[in-house]
Amino acid sequence: MPIQEDKNSSSLSSYVVTKLLNALMNHFLSLLLYFLILSVGVMVGIIVHSSLQALYSPSSLTIQNVSQLFIVTSPPPHPSPSPPPPPPPCPSPPSPPPPPCLSPSPPPPCPSLSSKENGLEMFPRPSKNITHNMEDKELLWRASMVPKIRSYPFPRTPKVAFMFLSKGPLPLAPLWEMFFRGHEDLFNIYVHINPSYKEYIPQGSVFHGRRIPSKTVYWGNANMVEAELRLLANALLDINNERFVLLSESCIPLFNFTIIYSYLINSTQTHVESYDLPVGRHRYNSRMYPHIHLDQFRKGSQWFELDRAMALEVVSDTFYWPIFNAYCFVPDEHYIQTLLNVIRPSLGSRNSNRTLTYADWSKNGAHPRSFGESEVNVEFLEELRSKSCGDSELCFLFGRKFLPTALDNLLIFSSTVMHF
């Protein structure tokens with residue numbers, strides 16, 4: 001019996017000790033949990049306090065710095081400066097510009113009130129650099145845009161676009177330099193030259209920087225019309241251009257700039273030669289039918305003069321030109337002549353049905369007669385200037401084809417005959 005009592009007493013003692021240890025362990029775990037909750041609360045309080053301080057003190061610790069202080073063991077990175085308040089709105093000149101933004105993504109700068117690149121100034125005064133990388137389709141699309149409001153919200157001086165379609169050099173350029181001198185605000189020049197031709201043009205020349213992106217052209221080929229469209233489209237990009245004259249490298253002016261400018265700007269007609277004769281009908285292709293009938297087909301000189309409305313119609317045409325391109329031989333003598341006089345009768349009614357560029361076809365060949373040094377004299381030039389065209393006071397404003405050998409005589413007679 002004593003032994004049994006000792007065993008019971010020992011078991012009771014073990015049970016009591018176990019209960020005490022369990023109670024202590026539970027108490028310890030409760031304290032540990034309270035401590036962790038308290039620590040989290042302290043951290044949250046510090047973070048909230050630091051955030052509130054950051055609103056009023058730029059030198060206060062940011063949330064990122066506080067979190068790095070408690071979480072990472074390595075030293076925190078150098079604190080970045082806090083972003084200042086947003087910059088004030090752009091002041092009017094001559095106030096100083098707003099302070100630079102320090103934030104990672106600053107707002108875009110406000111445009112200057114006198115900006116010429118983004119404001120209306122770009123329209124009345126387009127860039128002098130006429131080079132671009134547009135393809136023909138892009139260029140024609142851009143040039144076909146026209147404002148619906150006809151009145152201009154800025155002073156506009158109408159200009160004449162002189163468009164030179166040349167195979168290579170401009171041997172008569174010195175004569176044209178004299179013609180244009182002193183009238184720089186009344187004209188623009190556009191030159192289409194074979195891209196393989198390289199020539200240095202002095203910076204002071206009126207032809208300097210006026211070469212448009214060009215392509216190779218062959219006589220009688222559709223690319224001749226494409227070159228004309230390219231010249232018209234480039235000239236239409238300048239909203240000041242009102243009249244458009246197509247010239248070759250062998251053309252000369254028969255009158256001074258003032259007379260030619262006044263005649264063109266004040267004219268209510270355009271000048272596209274167009275006639276219906278057997279010599280033109282034999283080039284008609286029956287595959288143009290039914291869109292273009294034989295009795296609509298016209299022929300005429302390619303050297304035209306258009307106003308802005310007609311030029312826009314030409315560059316905007318995407319229906320008839322593909323037909324001429326595919327089926328017409330020598331389309332430069334038929335396409336515009338047919339388009340403006342027959343297919344667009346409202347425009348044809350304003351056309352004088354004659355060209356302003358004289359050419360001598362008396363030899364009945366494929367090309368007109370050329371004039372060299374021996375042919376160019378006072379009597380000959382006066383004869384061209386006095387040609388009659390019905391009721392028109394002036395008949396021809398320009399003449400072709402003049403050879404480079406005629407240049408010296410033309411320079412001599414320019415002041416006494418052409419008066420420039």
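**Figure 1. The surface and interior of the whole protein chain.** About 25000 Å² of the protein chain is exposed, and 60% of that comes from carbon and sulfur atoms; areas like this come from the Shrake-Rupley method with a 1.4 Å probe, and for residues only the protein chains shown count as cover. What you're looking at is a predicted model, where local features need pLDDT of at least 70, side-chain atom pairs count only at pLDDT 80 or more, and totals for chains, interfaces and linings use all residues. Residues are numbered from 1 along each chain as its sequence is written, and side-chain values use heavy atoms, with hydrogens and water left out. Of the chain's 420 residues, 39% count as buried (under 20% relative accessible area; exposed is over 50%, and partly exposed lies in between, with a 1.4 Å probe and protein chains only).

**Figure 2. Helices, strands and contacts along the chain.** The protein chain has 13 helices and 7 strands; these are DSSP runs numbered from the N terminus, with helices being H or I of at least four residues and strands E of at least two. Take the contacts (heavy atoms within 4.5 Å) between residues at least 6 apart in sequence: 77% of them join residues at least 24 apart.

**Figure 3. A close-up of the open sheet.** Here 4 strands line up as β2-β1-β3-β5, with mixed pairing; two strands pair if DSSP finds at least two bridges between them. At the edges sit β2 (187-192) and β5 (305-307), each pairing on one side only. From one strand to the next, the twist averages 20°. Look for β1 (residues 159-165) beside β2: the two pair in the parallel sense over 6 bridges. Leu 165 stands opposite His 192 in β2.

**Figure 4. Two helices that pack on the sheet.** Helix α6 (residues 257-266) touches β1, β2, β3 (241-248) and β5, and its direction makes about 105° with that of β1. Helix α8 (residues 308-316) touches β3 and β5, with its direction at about 100° to that of β5. For these angles, axes are lines fitted to C-alpha atoms, for helices over the stretch in contact, and angles run from 0 to 180 degrees between N-to-C directions.

**Figure 5. The disulfide and some buried cysteines.** Searching the whole structure turns up 1 disulfide, that is, a pair of cysteine sulfur atoms within 2.5 Å. Cys 389 and Cys 395 are the partners, at 1.4 Å from S to S. Cys 395 counts as buried because its relative accessible area is 1%. Cys 251 is buried too, at 0% relative accessibility, and Cys 328 is buried at 10%.
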